[in-house]
Amino acid sequence: MRKREESQVEVTHNQSTKVDFTETYKKNIKDSVHSWYLPFKNTFDFCFSLILFILTLPLVLLAMIAVKLESKGPVFYQQVRVGLMGEHIKVTKLRSMYIDAEKHGAKWADKDDPRITRVGHFLRKTRIDELPQLINVLKGEMSLIGPRPELTEEFSHEFPGFEQRLRIKPGLSGYAQVHGGYDIDPGQKAKLDCYYIENFGLQMDIHVFFETIKTVITGEGAR
């Protein structure tokens, strides 16, 4: 699915987005995923994300400086998304677009989108812009691997079943990310994420983990 930085109701001075969720999709969500693997996964998520957070902190700090030097505006872009079983979570990214990128309204980022800064192109290609979400993983709101958090309400009407992605924690990377990237629509993404849920387990996460490394190295699907 193509990456989008979007606003729904109000954008404050630090570009933190407040979203009006009517949440009609919640009644359609099936039971959350249950598996012997979940406690192991949660423990691994916390330990590995803590290590990653410490190791990548200098990189994030350098990226913050680069973002600030290149263009006016806040270093971070924040938005409320939907997590496990419809829980609201605030996700943070390093800002990759110019501050006035959405003055005419939100839209998907296109290939070679002029709204994306030079630094932003690099951050998106390497997925460094997503690293601040390690904090969400440490807080237990996200996992290292799982469906990416989205604004579910708008997509659940257009693509029935999209809300079933909420049966498991959203992830920093996911099956749909490494097998479809940002070039598939929300319906196709939901199908891939549901396939991940139906085949949830250690073997699946190992597969996504190594595919994520490959994606980061090659920059495939970045916009």
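## The second largest cavity

Let's start inside the protein, in this predicted model. The second largest cavity has a volume of about 40 Å³. Ten names make up its lining: V82, G83, P147, R148, P149, E150, R165, L166, I168 and P170. Sorted by class, that lining has six nonpolar residues, one polar residue and three charged ones.

How many cavities of 30 Å³ or more does a search of the whole structure find? The count is two. If you're wondering how anyone looks for such spaces, here's the idea: rolling a probe the size of a water molecule over the atoms shows where empty space is left.

## The chain as a whole

Now zoom out. The protein chain has seven helices and six strands. Read from the N terminus, the elements go β-β-α-β-β-α-α-β-α-β-α-α-α, so you can follow along in the structure above by ticking them off.

The chain has 223 residues, and 51% of them count as buried. There's also a number for contacts between residues at least 6 apart in sequence: 73% of these contacts join residues at least 24 apart.

## The largest pocket

Next up is the largest pocket, with a volume of about 760 Å³. Its lining takes in 32 residues. Which of them lie nearest the centre of the pocket? They are L52, L172, S173, F209 and T212.

Several elements each supply at least two residues of this lining: the helices α1 (37-70), α5 (175-179) and α7 (202-218), plus the strands β5 (143-145) and β6 (171-173). By class, you'll find 19 nonpolar residues in the lining of the largest pocket, along with seven polar and six charged ones.

## The second largest pocket

The second largest pocket has a volume of about 210 Å³. It is lined by 16 residues, and those closest to its centre are T92, P132, L134, I135 and N136. Two or more lining residues come from each of α1, β3 (76-82), β4 (88-94) and α3 (134-138).

Which element gives the most to this lining? That's α1, with five residues. Helix α1 also turned up in the lining of the largest pocket, so keep an eye on residues 37-70 when you look for either pocket. As for class, the lining of the second largest pocket has nine nonpolar, four polar and three charged residues.

## Helix α6 and its neighbour Q164

Helix α6 covers residues 186-198, which is 13 residues. From its first C-alpha to its last, α6 reaches 18 Å, close to the 18 Å expected at 1.5 Å a residue. At the start of α6, D185 has a side-chain oxygen that comes to within 2.9 Å of the backbone nitrogen of G187. That same G187 is on the list of buried residues of α6, together with P186, K189, A190, D193, C194, Y196 and I197.

Two of those buried residues, C194 and I197, are in contact with Q164. Where does Q164 sit? Look in the loop between α4 (152-158) and β6. Setting aside neighbours within four places in sequence, Q164 also touches N28, I29 and K30. Is Q164 buried or exposed? Its relative accessible area is 12%, and because buried means under 20%, Q164 counts as buried.

## Helix α2 and two positive phi angles

In helix α2 (residues 118-126), the buried residues are G120, L123, R124 and T126. What covers them includes α1, β4 and α7.

Right after α2 comes R127, with a positive phi near 65°. Here's some background: most residues other than glycine have a negative phi. R127 isn't a glycine, yet its phi is positive. R127 is in the loop between α2 and α3. With a relative accessibility of 13%, R127 falls under the 20% limit and therefore counts as buried.

M85 is another residue other than glycine with a positive phi, this one near 55°. You'll find M85 in the loop between β3 and β4. Its relative accessible area is 32%, which lies between 20% and 50%, so M85 is partly exposed.

Definitions and conventions:
Residues numbered from 1 in each chain as written. Predicted model: local features only at pLDDT ≥ 70, side-chain atom pairs only at ≥ 80, totals over all residues. Heavy atoms only, no water. 1 Å grid on protein atoms, 1.4 Å probe; cavity = no way out; pocket = protein on both sides within 12 Å on 5 of 7 lines; lining within 4 Å. Points joined across faces, edges and corners; volume = space filled by probe spheres on them. Helix = DSSP H or I, 4+ residues; strand = E, 2+ residues; numbered from the N terminus. Nonpolar A, V, L, I, M, F, W, Y, C, P; charged D, E, K, R; others polar. Expected span 1.5 Å × (residues − 1). Buried < 20%, exposed > 50% of the residue type's maximum accessible area, 1.4 Å probe, protein only. Polar contact = N/O pair within 3.5 Å; in protein donor to acceptor, adjacent residues only side chain to side chain. Contact = heavy atoms within 4.5 Å.
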